[in-house]
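Please open the model in your viewer and keep the selection tool at hand. The stops below are to be visited in turn.

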Amino acid sequence: THPDGEIALFNDSAFKIAQKPERLFEYAKRLSIHSKDPKDISGTTHLSESGYISVNNNNLALIIDVAKVGPDYLPGHAHADTLSFELSLHGLRLFVNGGTSEYGTGEIRQYERSTAAHNTVVVDKENSSEVWSGFRVAKRAYPFDLKMKKTELGVHIECSHNGYERFNKDLVHTRTWRVSNNFLDISDKVKGRHNMAFAYYHLHTDIKILSHDANEIILLMKNGKRVRLNYRGSSIEVIDGFYAPEFGKRIPNQCLKLGIDKLDGASLQVS
């Protein structure tokens with residue numbers, strides 16, 4: 001969960017469908033079901049069975065998806081969101097995945113399941129997993145080579161996936177998250193033959209862009225805190241999108257589209 005107590009929006013998830021996490025924890029307690037807190041000294045929790053990692057470092061809360069898209073035998077609720085993440089700063093959501101506003105087989109459903117609707121990398125305008133129809137998945141991304149290392153100030157996490165190998169057998173996306181003292185660095189590299197690749201960073205609807213220059217973007221949060229984004233890549237563009245935290249609800253937001261250089265990759269620093 002985020003500091004606001006609600007879930008992160010990976011795959012088919014939305015608020016106000018199931019009970020809130022705190023209610024579920026209370027119910028479990030009444031049933032004498034107690035869970036162990038797997039959080040280590042660096043504030044990192046790795047839920048290896050489900051494939052999610054959370055990092056809490058001072059005012060920063062990061063949730064990372066290094067999971068398979070779903071059970072191999074029934075991935076119907078999967079999105080093409082491998083190596084995506086969500087981020088809260090100072091108790092408020094900053095980067096959010098697109099969410100799920102509807103089921104069906106239409107254009108909105110297709111977009112909400114797409115890689116571009118999540119905070120991860122799109123290669124050659126394709127999805128990292130082959131999602132189709134309303135609840136179908138064909139060839140899919142598998143994460144591999146997960147590495148987690150504690151540092152003096154935080155944690156270093158790296159993972160790759162092979163979802164784009166269906167276009168080129170050597171095509172691999174690798175992402176690295178470095179967290180330390182309210183600072184986050186996200187680096188992406190795409191290895192193998194391809195034409196273009198972009199990292200998408202979807203801003204929560206409460207976030208405003210105050211300034212934007214060649215190397216830096218300043219954001220304003222609802223609580224008055226300012227966030228500095230420094231970036232490196234082949235290009236950057238601010239595009240319009242929408243955020244769907246609930247069924248039947250789509251709220252306009254903005255998204256950063258960062259070009260990934262074929263040799264040097266791309267990175268975004270949040271502070």
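The tour passes from an open sheet to a buried residue and then to a surface patch. This is a predicted model, in which local features need pLDDT of at least 70, side-chain atom pairs count only at pLDDT 80 or more, and totals for chains, interfaces and linings use all residues. Residues are numbered from 1 along each chain as its sequence is written, and side-chain values use heavy atoms, without hydrogens or water.

**The sheet.** Select the four strands of the antiparallel open sheet, ordered E6-E13-E18-E17. Strands (E) are DSSP runs of at least two residues, numbered from the N terminus, and two strands pair if DSSP finds at least two bridges between them. At the edges are E6 (121-123) and E17 (236-246), each pairing on one side only. Between E6 and E13 (residues 197-202) there are three bridges. Display Val122 next, and opposite it Phe198 in E13.

**A buried residue.** Move to Asp188, in strand E12 (residues 183-191). Asp188 counts as buried because its relative accessibility is 2%, buried meaning under 20% relative accessible area, exposed over 50% and partly exposed in between (1.4 Å probe, protein chains only). Beyond its neighbours within four places in sequence, the contacts of Asp188 include Val121, His173, Ala199 and Tyr201; contact means heavy atoms within 4.5 Å. Trp177 is 11 residues from Asp188 in sequence, with 9.2 Å from C-alpha to C-alpha.

**A loop residue.** Finally, select Phe135, in the loop between strand E7 (131-132) and strand E8 (136-137). Phe135 is partly exposed, since its relative accessible area is 34%.

Key. Patches are made of residues with over 30% relative accessible area and no salt bridge: like charges are joined within 9 Å, nonpolar side chains (Val, Leu, Ile, Met, Phe, Trp, Tyr) within 5 Å. Accessible areas come from the Shrake-Rupley method with a 1.4 Å probe; for residues, only the protein chains shown count as cover. A salt bridge is a side-chain nitrogen of Lys or Arg within 4 Å of a carboxyl oxygen of Asp or Glu.
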